[in-house]
2 protein chains.
Amino acid sequence: MSSGRGSERVLILLEWLAGQTRAVTLAEASAALEAPKSSVLNLLRMLVDMGYAEREGDTAYRLVRLPGEVAAGHVLQGTLLRRCEPAVRAAVAASKETGFIAVVDGAYVRYLCKILPDREIRYDRNIEIPRRTVQVSSGVAILTGLSDAALADEAARAEAEGLGAAQALVERVQEARAAGYAVTRRGVVEGAAGVAAPILDAKGKVVGALNIAGPAARLAENLDQIIDIVRSGAAEASAALGWRGAPLGA
Amino acid sequence: MSSGRGSERVLILLEWLAGQTRAVTLAEASAALEAPKSSVLNLLRMLVDMGYAEREGDTAYRLVRLPGEVAAGHVLQGTLLRRCEPAVRAAVAASKETGFIAVVDGAYVRYLCKILPDREIRYDRNIEIPRRTVQVSSGVAILTGLSDAALADEAARAEAEGLGAAQALVERVQEARAAGYAVTRRGVVEGAAGVAAPILDAKGKVVGALNIAGPAARLAENLDQIIDIVRSGAAEASAALGWRGAPLGA
DNA sequence: TGAACGCGTTCAGTATACTGAACGTACCAT
DNA sequence: ATGGTACGTTCAGTATACTGAACGCGTTCA
């Protein structure tokens with residue numbers, strides 16, 4: 001079995017660079033990796049070419065980004081899922097209802113995960129079916145990140161498709177913006193209801209939503225508590241992605 | 001100039017894996033990278049061997065960690081610096097005093113960076129000189145992370161070295177724990193003073209301190225404001241490292 | 001039931017990466 | 001001013017990685 005000496009070395013080099021606090025020289029890196037200077041030089045040059053490092057003057061290299069790292073304003077969905085899943089698990093444990101992470105995909109909401117509560121009567125649906133954003137609380141929560149113009153466009157499109165009055169949708173999103181969460185008291189699925197709050201990335205851009213859903217009657221009984229749990233969970237998920245400001249609607 | 005086809009590919013593979021939300025097959029990865037199956041198989045096997053991915057059943061691979069990624073309870077200092085520097089910059093801008101990030105190194109505090117305020121009379125010192133933890137506010141802030149037993153040991157050691165009464169040091173650290181920050185009204189450097197608060201990692205372990213320092217008289221004039229800025233900054237830095245709870249002393 | 005298909009895996013042949021030695025340059029010590 | 005040292009860089013020769021074709025297996029479809 002073989003993969004390259006270079007492949008392994010570049011990962012070791014990245015780990016070592018991540019541990020350095022200042023720019024490093026070729027000689028330092030070569031010594032640290034116990035590899036020939038010419039080999040390490042090629043690796044460093046490749047890292048510069050690929051945007052992971054930059055040259056500092058004539059003699060030093062500085063790491064600027066790691067592979068897969070959450071860059072400002074750009075979250076990879078796998079990373080989003082890995083970083084945010086603990087917050088969803090915590091919200092499911094606290095609320096004892098089903099939790100989801102949703103992202104937007106065109107005019108649809110797609111679900112990255114579903115976490116079921118440990119109880120017998122629970123809301124369980126197939127998350128491979130995307131939903132129209134305007135029809136679910138996750139979608140409404142995500143729409144809070146749109147500009148007013150983009151929101152008006154989206155609402156007009158939904159109205160043209162017979163999915164409800166544009167004005168009503170705009171109002172609903174504006175309410176969600178002010179409150180920091182969206183509620184669907186009657187979901188697409190008969191008898192289900194849900195609460196969702198937006199997840200922000202490091203720059204405060206809405207990249208997804210955390211959603212807790214369950215039987216409508218049960219959610220109605222505990223709505224205030226569910227709302228708190230969802231908002232806390234979304235704040236935790238946002239923090240995990242690097243957002244450091246207040247949650248929406250705070 | 002050449003570094004391996006494998007070296008470049010493994011980074012592309014990691015970026016792609018970071019964007020996937022579920023475990024992937026060899027065939028999917030091969031298609032995504034537009035590379036031969038046998039080549040990609042070797043790369044995936046190497047990632048499993050190195051602990052970045054794990055095999056899921058017979059046919060799928062899942063990313064579990066990225067190179068240089070902050071793992072729970074273990075922050076690489078370069079990553080700590082890259083993640084926390086923006087918080088220090090913000091604190092320097094707000095306070096108009098000099099900011100530092102400090103980490104512990106044995107019985108010494110070492111400084112990872114110094115950020116100077118944009119003003120003419122400012123506190124500027126050589127950060128290559130480490131300081132004894134017990135003698136600076138950064139050190140005291142970091143000592144708040146010790147257990148009572150470890151703190152007692154450290155205090156006894158400092159007393160034996162003629163650096164002050166053990167009891168006084170223990171009390172000082174306990175005050176800092178309760179308050180969430182430490183103040184040095186008279187620093188090692190004549191006429192300087194400083195405020196520091198601990199920086200926590202994702203598991204709540206103290207890994208460093210954020211410190212604002214300046215001329216003693218000027219800090220005395222604005223102490224309450226500086227304290228708020230330092231605590232906010234340390235909370236922001238901690239959040240950047242994945243800590244999601246309340247700051248110390250909240 | 002049998003053929004076709006797709007996937008994971010192997011390995012001999014092909015292709016290319018890796019590196020040791022040497023060079024040019026800058027810096028330091030005498 | 002000169003010699004020594006260390007670093008970044010180059011490149012011809014050396015070493016090893018990469019991969020196309022084939023295989024075994026499981027699944028699907030007619």
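In this predicted model, the side chains of Arg65(B) and Glu15(A) meet in a salt bridge, with 2.9 Å from N to O. Side chains of opposite charge can pair when their charged atoms come close. Between chain B and chain A the count is two salt bridges, and the pair just described is one of them. Polar contacts also link the chains: eight residue pairs, both members at pLDDT 80 or more, are in polar contact between chain B and chain A.

Which helices of chain B each supply at least two residues of the side that touches chain A? They are helix 1 (5–19), helix 3 (37–49), helix 4 (77–95) and helix 9 (223–240). Helix 1 of chain B gives the most to this side, with 10 residues. Sorted by character, the residues of the side of chain B that touches chain A are 21 nonpolar, 12 polar and 10 charged.

A wider view of the meeting of the two chains comes from contacts and area. Here 43 residues of chain B are in contact with 43 residues of chain A. The area buried between the chains is about 3600 Å², and carbon and sulfur atoms give 58% of that area. In chain B, the residues that lose the most area to chain A are Leu11(B), Glu15(B) and Arg244(B), which together account for 17% of what that side buries.

Next comes a pocket. The second largest pocket has a volume of about 440 Å³, and 22 residues line it. Which residues lie nearest its centre? Leu81(A) does, along with Thr21(B), Arg22(B), Ala23(B) and Arg62(B). The lining draws at least two residues from each of helix 4 (77–95) and strand 4 (108–115) of chain A, and likewise from each of helix 1 and strand 2 (60–63) of chain B. Strand 4 of chain A gives the most to this lining, with five residues. In character, the lining of the second largest pocket divides into 12 nonpolar, three polar and seven charged residues.

Finally, salt bridges can be counted over the whole model. Over all chains, the count comes to 14 salt bridges. One of them joins the side chains of Arg157(A) and Glu154(A), at 3.2 Å from N to O. Where do Arg157(A) and Glu154(A) lie? Both belong to helix 6 (residues 148–160) of chain A, where they sit three residues apart, about one turn of the helix.

Note on methods: Residues are numbered from 1 along each chain as its sequence is written. Chains are lettered from A and ligands numbered from 1 in the order in which they are written. This is a predicted model: local features need pLDDT of at least 70, side-chain atom pairs count only at pLDDT 80 or more; totals for chains, interfaces and linings use all residues. Side-chain values use heavy atoms; hydrogens and water are left out. Contact means heavy atoms within 4.5 Å. Buried area is the accessible area (1.4 Å probe) that two parts lose on being put together, summed over both. A salt bridge is a side-chain nitrogen of Lys or Arg within 4 Å of a carboxyl oxygen of Asp or Glu. A polar contact is a pair of N or O atoms within 3.5 Å; within protein, one must be able to donate a hydrogen and the other to accept it, and residues adjacent in sequence count only if both atoms are side-chain atoms. Helices (H or I, at least four residues) and strands (E, at least two) are DSSP runs, numbered from the N terminus. Ala, Val, Leu, Ile, Met, Phe, Trp, Tyr, Cys and Pro count as nonpolar, Asp, Glu, Lys and Arg as charged, and the others, Gly among them, as polar. On a 1 Å grid over the protein atoms alone, a cavity is a set of points where a 1.4 Å probe fits but cannot get out, and a pocket is an open set with protein on both sides within 12 Å along at least five of seven lines; lining residues have an atom within 4 Å of a point. Grid points are joined across faces, edges and corners, and a volume is the space filled by probe spheres set on the points.
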